[in-house]
Amino acid sequence: MGRVPNVTRADASAAVRNPLAFIAARWTPDPRTVRRAALVALVMSVVIVVTGGAVRLTGSGLGCPTWPKCTEDSIAATREMGVHGVIEFGNRLLTYVLCAAVGWAIIAARSQKPYRRRLTRLGWAQFWIVMGNAILGGIVVLVGLNPYTVAAHFLLSSALIAVATVMWHRTREGDAEPRPLVGKAVRQLVWFLVAASVLLIAVGTVVTGAGPHAGDSSEVERMPVDWETVSKMHAVLAWIVVTLTFALWFVLKAVDAPKGPLDRTRELFLIILAQGVIGYVQYFTDLPEVLVGLHMFGSCVMWIWVLRVLLSLRERPGAVAEMPGPATETSLAKA
């Protein structure tokens with residue numbers, strides 16, 4: 001191991017003024033490290049959704065009845081709060097793990113050579129979404145699990161997953177202008193698929209907001225819609241997504257599309273079928289908590305693969321080097 005250089009007062013001052021630039025000047029990560037950092041951030045964005053669902057499904061949504069502390073006198077759960085307090089506080093602690101994962105992705109992207117401003121911006125976008133969702137999560141607790149705030153909390157988590165997916169994908173391509181691999185009609189069909197998937201997820205939050213899993217054993221407000229009716233609407237949208245996916249696969253085969261879009265579309269079709277089976281089973285078995293949680297996980301995976309299908313329709317060869325300056329660093333932190 002080589003000798004560790006002494007850190008001068010000037011180095012310390014530079015680290016305080018711009019820690020990202022200080023680290024980037026002394027560390028160049030391997031491209032695989034950058035890809036892994038982006039993947040870890042994506043995985044953690046899914047984990048936080050699943051554990052948040054566990055909080056709700058175990059009736060622990062108000063296990064910590066206030067925010068940002070767990071009680072007015074304690075930042076952590078107390079013994080008197082029981083298992084619900086432990087579950088809710090544990091989910092809050094995972095937010096710090098998510099922040100660490102996103103922070104690692106930002107540092108790795110910023111330190112990569114050549115510098116890729118767009119990739120670093122995607123990391124910062126995740127950071128600000130996490131901060132916004134943490135505040136929204138606190139509001140959810142303070143308003144007693146109001147279903148509309150709970151739905152917004154999940155949708156913002158879906159936005160986080162979307163940005164994390166794009167960043168993970170971008171770590172494996174350059175920054176040149178995208179070059180389409182399929183025709184305009186195929187790209188339009190995929191955008192219809194994306195729109196239908198967004199609508200499917202949004203209606204899914206209404207199903208949850210009107211359904212029996214309120215997140216706490218006390219009387220919690222529910223959305224004033226008929227749960228069975230909105231569940232059937234959700235199922236219809238699911239079949240629309242299935243149909244669009246199958247049609248896309250058929251069209252890609254017909255136009256002899258590259259292997260990437262074909263593989264991603266086939267994978268998405270299988271994921272949606274599995275998700276549909278889980279959805280129907282949970283509906284006809286009175287929504288057992290385990291299946292509802294599995295369905296939430298499936299929703300995240302489906303959304304990731306929809307985006308992977310979209311991103312597979314073009315390629316970005318080559319990376320364009322950029323030289324960051326102090327103004328660039330400041331703008332990234334505010335992005």
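These legends go with a set of close-up views of a predicted model.

**View 1. The whole chain is mostly a run of helices.** Eleven helices and two strands make up the secondary structure here. Walk along the sequence and the order reads α-α-α-α-α-α-β-α-α-α-α-β-α. The protein has 335 residues, and 46% of them are buried. Take the contacts between residues at least 6 apart in sequence, and 80% of those turn out to join residues at least 24 apart. On the outside, the protein exposes about 17200 Å², with carbon and sulfur atoms supplying 68% of that area.

**View 2. The largest nonpolar core draws on many helices.** This core counts 71 residues, and Ile161, Leu248, Met302 and Trp303 have the most contacts inside it. At least two core residues come from each of helix H3 (31-57), helix H4 (82-111), helix H5 (117-142), helix H6 (147-170), helix H7 (184-210), helix H8 (227-254), helix H9 (259-284) and helix H10 (289-311). There is also a second, separate core of five residues, with Val140, Leu145, Val150 and Val220 among them.

**View 3. Trp303 and its surroundings.** What does Trp303 touch, once residues up to four places away in sequence are set aside? The partners are Ser158, Ile161, Ala162, Val194, Ser197, Val198 and Ile201. One of them, Ile161, is also on the list of residues with the most contacts inside the largest core, and so is Trp303 itself.

**View 4. Thr165, a buried residue on helix H6.** Look along helix H6 and you'll find Thr165. Is it buried or exposed? Thr165 counts as buried because its relative accessibility is 0%, and the cut-off for buried is under 20%. With neighbours within four places in sequence left out, Thr165 is in contact with Leu42, Ile304, Leu307, Arg308 and Leu311.

**View 5. A cluster of aromatic rings.** Ring pairs tie Trp227, Tyr280, Tyr283 and Phe284 together into a cluster. Zoom in on Tyr283 and Phe284: their pairing is edge-to-face, with 5.1 Å centre to centre and 85 degrees between the planes. Tyr283 is partly exposed, at a relative accessible area of 25%, while Phe284 counts as exposed at 61% relative accessibility. Over the protein, the count of aromatic pairs comes to seven.

**View 6. Two arginines over aromatic rings.** Arg110 lies over the face of Tyr115, and the distance to the ring centre is 4.9 Å. Trp168 has a charged visitor too: the charged end of Arg172 sits over the ring, 4.5 Å from its centre.

**View 7. The disulfide, plus a couple of other cysteines.** The structure holds one disulfide. Cys64 and Cys70 form it, with their sulfur atoms 1.7 Å apart. What handedness does the disulfide of Cys64 and Cys70 have? The torsion about the S-S bond is about -65 degrees, so this disulfide is left-handed. Cys64 and Cys70 are both buried. As for the other cysteines in this view, Cys99 is partly exposed, with a relative accessible area of 21%, and Cys300 is buried, with a relative accessible area of 4%.

**View 8. Two cis peptide bonds that lead into prolines.** As background, most peptide bonds are trans. Trp67 and Pro68, though, are joined by a cis peptide bond with omega at about 10 degrees. Pro68 sits in the loop between H3 and H4. The bond from Lys113 to Pro114 is cis as well, and its omega is near -5 degrees. You'll find Pro114 in the loop between H4 and H5.

**View 9. Two leucines with positive phi.** Most residues other than glycine have a negative phi. Leu145 has a positive one, near 60 degrees. This leucine is found in the loop between H5 and H6, and at 5% relative accessibility Leu145 counts as buried. Leu145 also belongs to the second, separate core of five residues. The other case is Leu287, with a positive phi of about 55 degrees. Leu287 lies in the loop between H9 and H10, and this residue is buried too, with a relative accessible area of 11%.

Key. Residues numbered from 1 in each chain as written. Predicted model: local features only at pLDDT ≥ 70, side-chain atom pairs only at ≥ 80, totals over all residues. Heavy atoms only, no water. Core = buried A, V, L, I, M, F, W, Y, C linked by side-chain atoms within 4.5 Å. Buried < 20%, exposed > 50% of the residue type's maximum accessible area, 1.4 Å probe, protein only. Helix = DSSP H or I, 4+ residues; strand = E, 2+ residues; numbered from the N terminus. Contact = heavy atoms within 4.5 Å. Areas by Shrake-Rupley, 256 points an atom, 1.4 Å probe, with all protein chains shown as cover. Phe/Tyr/Trp six-rings, centres within 6.5 Å; stacked < 30°, edge-to-face > 60°. Lys NZ or Arg CZ within 6 Å of the ring centre and 35° of its normal. Disulfide = S-S within 2.5 Å.
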